[in-house]
Amino acid sequence: MTYNFDRVIDRHNTGSVKFDIRHDLLPLWVADMDFPLPDEILNEIKKRVDHGIFGYTMTTTSYWKALDSWCRREYGYQVKPAEWITVPGIVYSLSIAIRAVTEPSDAVLIEQPVYYPFSQVVKDNGRTLVVSPLFYNNGRYTRDLVAFENAVRANNVKAFILCSPHNPVGRVWTREELQAVAEICQRYGVTVIADEIHCDFIRPGVQFTSFATLGDEYKQKLILCTAPSKTFNLAGLQVSNILVPNPEIRQCFKRENQANGYNEINALGMTAAEACYNMGKPWLEELKKYLEGNIAYVNNFLVQNLPEVKLVEPEGTYLLWLDFHGTGLSNNEVKERIENKAKLWLDHGDIFGDGGALFERINIACPRSTLEQAMNQLAKAFK
Ligand SMILES: Cc1ncc(COP(=O)(O)O)c(C=O)c1O
């Protein structure tokens, strides 16, 4: 390995959301990583810092070129800058997208369990939340297309927020699955807001399909939300890239963005993102191998030490979804043990909505020794 992912770096007292809210729990909750960027990328950021002037900044040609090369190579689509808008975050973009394509009290569909801000952002914008549940069968999550279509039709749904790959259940939707959803949405005039933030964490043997590659006919009512923030751990630098192919929807999106008063990209964020797209691939490849080791570690540990807790085998993301049904405990008892006995901060499954109770989400993007400590604390609490 060229890069050292075993090194533990103290993140306390850096204003870290993960580490600095509670100092009494070992944090493996919010989805950022405890790994530093490699020197070749840090050097680019340092060069920009050394320039010393951080005035209003716009996206440069070299930024779009870097994004285009990345997207062509990794996902098989081209980037036409005129169709893209940079914003400070994906949740931010979901909020703007909802306002751009729906009216107050219109119905917006999500699939639960899912990343909790999805429901929040729908409700916060005064839209009607409609939930189509995912189904958990034999350790795997799927959607029921009939139920999905019924939910769309019965509620006159105007927009669907797709999580692809899916946080927290770890599914990487196949082309066929996405195609089926795309066809239903097209039939009912539903705009698809596709959140693909986790798409660079795909496990060996699994294929990611971007919604943008399903065919031109499905791009007319698509808002594609992408970012380097999960891939390269840049959440604090606030850069996301949003594709809005349809000019009318793009206009609405820009108007809502403007109404928020947001205009210019973060200068360091842009430099970092460009450097990552240009130079980050070797680091990412090694990181993914390391994460594979972490997944295997958790799986083996559970089988050997805590067989009543089951890992839902993920296809992507660095977030593991653990099934606590086998403990025979209630949801509240599981939560209580994790916090008060294991002294861990995990994301409790119930915050992800329907179907989340008795699951816990654990972020494994940390050095192995941190994960070992966490799993030992977990096992002790459930013995
Ligand atoms: C599916 C999904 N979307 C969006 C985000 C957050 O994106 P941002 O920080 O850019 O708002 C996360 C973070 O965990 C996520 O899992």
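Colleague: Let us start with N125. Would you call that residue buried or exposed?

Modeller: In this predicted model, N125 is buried, because its relative accessible area is 13% and the label applies under 20%.

Colleague: And where in the fold does N125 lie?

Modeller: N125 belongs to the loop that joins helix α5, residues 117–124, to strand β4, residues 128–137.

Colleague: Which side chain does the side chain of N125 contact?

Modeller: The partner is S95: the two side chains make a polar contact at 3.0 Å.

Colleague: You mentioned α5. What about F118, where is that residue found?

Modeller: F118 is part of helix α5. Its relative accessibility is 0%, so F118 counts as buried.

Colleague: How far apart are F118 and L162 in space?

Modeller: Their C-alpha atoms are 9.4 Å apart, although 44 residues separate F118 and L162 in sequence.

Colleague: And β4, the strand after that loop: which element holds P133?

Modeller: P133 is in strand β4. This proline is partly exposed, because its relative accessibility is 35%, and that label covers values between 20% and 50%. From P133 to A151 the C-alpha distance is 10.0 Å, with their positions 18 residues apart in sequence.

Colleague: Now the ligand. Which residues surround the ligand?

Modeller: The surrounding residues are A31, G89, I90, V91, Y115, C163, N167, D195, I197, H198 and K230.

Colleague: What classes of residue make up the shell around the ligand?

Modeller: Six residues of the shell are nonpolar, three are polar and two are charged.

Colleague: Which side chain has a polar atom 2.7 Å from an oxygen atom of the ligand?

Modeller: That is N167, through a polar side-chain atom. K230 also has a polar side-chain atom placed 3.3 Å from a ligand oxygen. V91 takes part through its backbone, where a polar atom is 2.9 Å from an oxygen of the ligand.

Colleague: How much of the ligand does the protein cover?

Modeller: On its own the ligand has 400 Å² of accessible area, and the protein covers 87% of that.

Colleague: Which pocket does the ligand take up?

Modeller: The ligand takes up the space of the largest pocket.

Colleague: Let us change topic to the backbone. Which peptide bond leading to P113 is cis?

Modeller: The bond from Q112 to P113 is cis, and its omega is near 5 degrees. P113 is located in the loop between strand β3, residues 107–112, and helix α5.

Colleague: And what is the state of the bond from S164 to P165, cis or trans?

Modeller: The S164 to P165 bond is cis, with omega near -5 degrees. P165 sits in the loop that runs between β6, residues 157–163, and α7, residues 175–187.

Colleague: Why point these out?

Modeller: They merit a remark because most peptide bonds are trans, and most residues other than glycine have a negative phi.

Colleague: Then which sign does the phi of Q238 have, positive or negative?

Modeller: Q238 has a positive phi, about 55 degrees, and it is not a glycine. Q238 lies in the loop between β8, residues 222–226, and β9, residues 240–243. With a relative accessible area of 42%, Q238 is partly exposed.

Colleague: What is the phi of T317?

Modeller: The phi of T317 is positive at about 75 degrees, and T317 is not a glycine either. This threonine is placed in the loop between β10, residues 310–312, and β11, residues 319–323. T317 counts as buried, because its relative accessibility is 5%.

Colleague: One more loop residue: is F201 buried or exposed?

Modeller: F201 is buried, since its relative accessible area is 3%. F201 lies in the loop between β7, residues 191–195, and β8.

Colleague: How far is F201 from E177?

Modeller: The two are 19 Å apart between C-alpha atoms and 24 residues apart in sequence.

Colleague: Finally, which helix contains K281?

Modeller: K281 is in helix α10, which spans residues 281–305. The relative accessible area of K281 is 25%, so K281 is partly exposed. K281 is 256 residues from L25 in sequence, and their C-alpha atoms are 33 Å apart.

How values were computed
Residues are numbered from 1 along each chain as its sequence is written. This is a predicted model: local features need pLDDT of at least 70, side-chain atom pairs count only at pLDDT 80 or more; totals for chains, interfaces and linings use all residues. Side-chain values use heavy atoms; hydrogens and water are left out. A residue is near a molecule or strand if one of its heavy atoms lies within 4 Å of it. A polar contact is a pair of N or O atoms within 3.5 Å; within protein, one must be able to donate a hydrogen and the other to accept it, and residues adjacent in sequence count only if both atoms are side-chain atoms. Accessible areas come from the Shrake-Rupley method with a 1.4 Å probe; for residues, only the protein chains shown count as cover. On a 1 Å grid over the protein atoms alone, a cavity is a set of points where a 1.4 Å probe fits but cannot get out, and a pocket is an open set with protein on both sides within 12 Å along at least five of seven lines; lining residues have an atom within 4 Å of a point. A molecule sits in a cavity or pocket if more than half of its atoms lie within 2 Å of its grid points. Ala, Val, Leu, Ile, Met, Phe, Trp, Tyr, Cys and Pro count as nonpolar, Asp, Glu, Lys and Arg as charged, and the others, Gly among them, as polar. Helices (H or I, at least four residues) and strands (E, at least two) are DSSP runs, numbered from the N terminus. Buried means under 20% relative accessible area, exposed over 50%, partly exposed in between (1.4 Å probe, protein chains only).
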